[in-house]
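Work through the following exercises with the sequence and the model open side by side. Each task is followed by a solution in steps.

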Amino acid sequence: MSLYERLHEVQPQTPGGNRRDPVLDELRQKVHHHLIEELGPVLYDRRLSQDELRRRVHDQLQAVLAKERAPLSAADKAQLIRDVSDDILGYGPIDQFLRDDGITEVMVNGPDSVYIERSGKIEKTTVSFVDDTHLRRIIDKIVGEVGRRIDEATPMVDARLPDGSRVNAMIHPLAIGGPFLTIRKFSKDPYKVHDLISFGTMSPQTARFLEACVVGRLNVIVSGGTGTGKTTTLNVLSSFIPTDERIVTVEDAKELQLHQDHVLATEARPPNIEGKGQVTIRDLVRNCLRMRPDRIVVGECRGGEALDMLQAMNTGHDGSLTTVHANSPRDALARIETMTLMAGYDLPIRAIREQMASALDLIIQLTRLRDGTRRVTHVSEVQGMEGDVITLQDIFLFDFGMGIDENGRFKGTLKATGIRPKFTEKLQDLGIRLGAELFTSEGFARKAVGTR
């Protein structure tokens, strides 16, 4: 069969409904490899501007296509140029997903297997990388942009894209069938509190209550499982911090996008190729105490830094915010207790719990429901100690009893339990008054109806 016949042969439809032409794929691979060989070091020359690099790639691409005898239509040629340009200049075939605001996660399980998350549901795509080397080059490009590295000595890495999107990569020998690449996208326009209200993550009354808690300098923990929206919620809570306060953020990879004027962002550093020079979250938390912060915002507590965070909350740094991985407010306390023990000190359990009960004021629990939505399911006050147990009191709870609609979406909302938190007196001393009707289920529902 001639090349012309192969190009015009009816191709089968992929599961996603897109027509895949193996001849175009073959030509794309050929052109891709040729450009890499021709341009080579130019692609990594930081002295070249992005426009100059794009011009060189485009000129070389046109020259290569001019030598090809395949009878390409204008549409096929334009598609080929776009694909190869993305491969060389952008992030390859996943570039289109990174530009799509409706996609929240991109998961690459090897060069021929790419999945995306849209509206909370995972879908398989029809795109693929040229080969393992192509995927590895994209990974190297991503991690190199933020000064990280990935090789056989350190075969997995956490990094971020320029827009703050979270990146995790893993290569051989840990990734069997890989390399693996996972990107959790961040919105180009960071979500505000009204966005979370429109998504149903929280109600207007809960948002007003949480704003009062942040302005009133309560210490808040955002708890939830993986992918429940902890960082997004933390970012929204951070937006409530008054603009005249000095804020220091501590993160593993920078993700928070605060818009106050006086913000100092710090980021942990992995060890270098010799295994030296590592700066951990705990190092940064200890150091930021010497930076005269009004607020400390830790992206996530996952180890011994929990002890330093509790110490900070108990020594004048009220209004601190952080997140932990946990499935309920009670589990969040158990996690913090365990992480405090990871600091390496032989502390009595009761002493740790007393520190926690004194330091923490509020736990916000996020859950990703079966319908793909992310909801605040608990807003719980840490009230103190009874014997050896830290007492919690739910202020707002998600009402699962309202059932599910015909589309499988939960009808429930966050409702007041009718209990007024103890810290309202502290807020009142600061001039922040919360009406009693906010904490009654009837008043809460009445106010909710009135805001629609």
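**Exercise 1.** Decide whether C288 and C301 are buried or exposed in this predicted model, and state how many disulfides there are.

Solution.
- Step 1. The cut-off for buried is under 20% relative accessible area.
- Step 2. C288 has a relative accessible area of 1%, so C288 is buried.
- Step 3. For C301 the value is 4%, so C301 is buried.
- Step 4. A disulfide requires a pair of cysteine sulfur atoms within 2.5 Å. By this rule the count is zero.

**Exercise 2.** Find which residues of helix α13 are buried and which elements they pack against.

Solution.
- Step 1. Helix α13 covers residues 349–359.
- Step 2. Its buried residues include I352 and M356, together with A357 and A359.
- Step 3. The buried residues of α13 pack against two helices, α11 (305–313) and α12 (329–341), and against the strands β13 (374–386) and β14 (389–398).

**Exercise 3.** Classify the angle between α11 and α13, and give the handedness of the crossing.

Solution.
- Step 1. The two axes come within 9 Å and cross at roughly 50°.
- Step 2. Angles under 35 degrees would count as roughly parallel, and 65 to 115 as roughly perpendicular. The crossing falls in neither range, so α11 is oblique to α13.
- Step 3. The crossing of α11 past α13 is left-handed.
- Step 4. On the α11 side, L310, Q311 and M313 make the contact; on the α13 side, Q355, M356 and A359 do.

**Exercise 4.** Trace the pairing of β12, β13 and β14: in what sense do the strands run, and over how many bridges?

Solution.
- Step 1. Strand β12 (residues 362–368) runs antiparallel to β13, joined by seven bridges. I363 has S380 of β13 as its bridge partner.
- Step 2. The hairpin of β12 and β13 has five residues between the strands, and G372 takes a positive phi near 90° there.
- Step 3. β13 pairs with β14 in the antiparallel sense over eight bridges. M385 stands opposite I390 in β14.
- Step 4. Two residues lie between β13 and β14 in their hairpin, where G387 has a positive phi near 70°.

**Exercise 5.** Do the same for β1, β2 and β3: what is the sense of each pairing?

Solution.
- Step 1. β1 (residues 103–108) and β2 (residues 114–118) are antiparallel and joined by five bridges. V108 is paired with V114 in β2.
- Step 2. Their hairpin has five residues between the strands, with G110 in the turn at a positive phi of about 130°.
- Step 3. β2 and β3 (residues 121–124) are antiparallel over four bridges, and R118 stands opposite K121 in β3.
- Step 4. In the hairpin of β2 and β3, with two residues between the strands, S119 has a positive phi near 55°.

How values were computed
Residues are numbered from 1 along each chain as its sequence is written. This is a predicted model: local features need pLDDT of at least 70, side-chain atom pairs count only at pLDDT 80 or more; totals for chains, interfaces and linings use all residues. Side-chain values use heavy atoms; hydrogens and water are left out. Buried means under 20% relative accessible area, exposed over 50%, partly exposed in between (1.4 Å probe, protein chains only). Contact means heavy atoms within 4.5 Å. Two strands pair if DSSP finds at least two bridges between them. Axes are lines fitted to C-alpha atoms, for helices over the stretch in contact, and angles run from 0 to 180 degrees between N-to-C directions. Angles under 35 degrees count as roughly parallel, over 145 as roughly antiparallel, 65 to 115 as roughly perpendicular and the rest as oblique. A crossing is left-handed if the near helix is turned anticlockwise from the far one by less than a right angle, and right-handed if clockwise.
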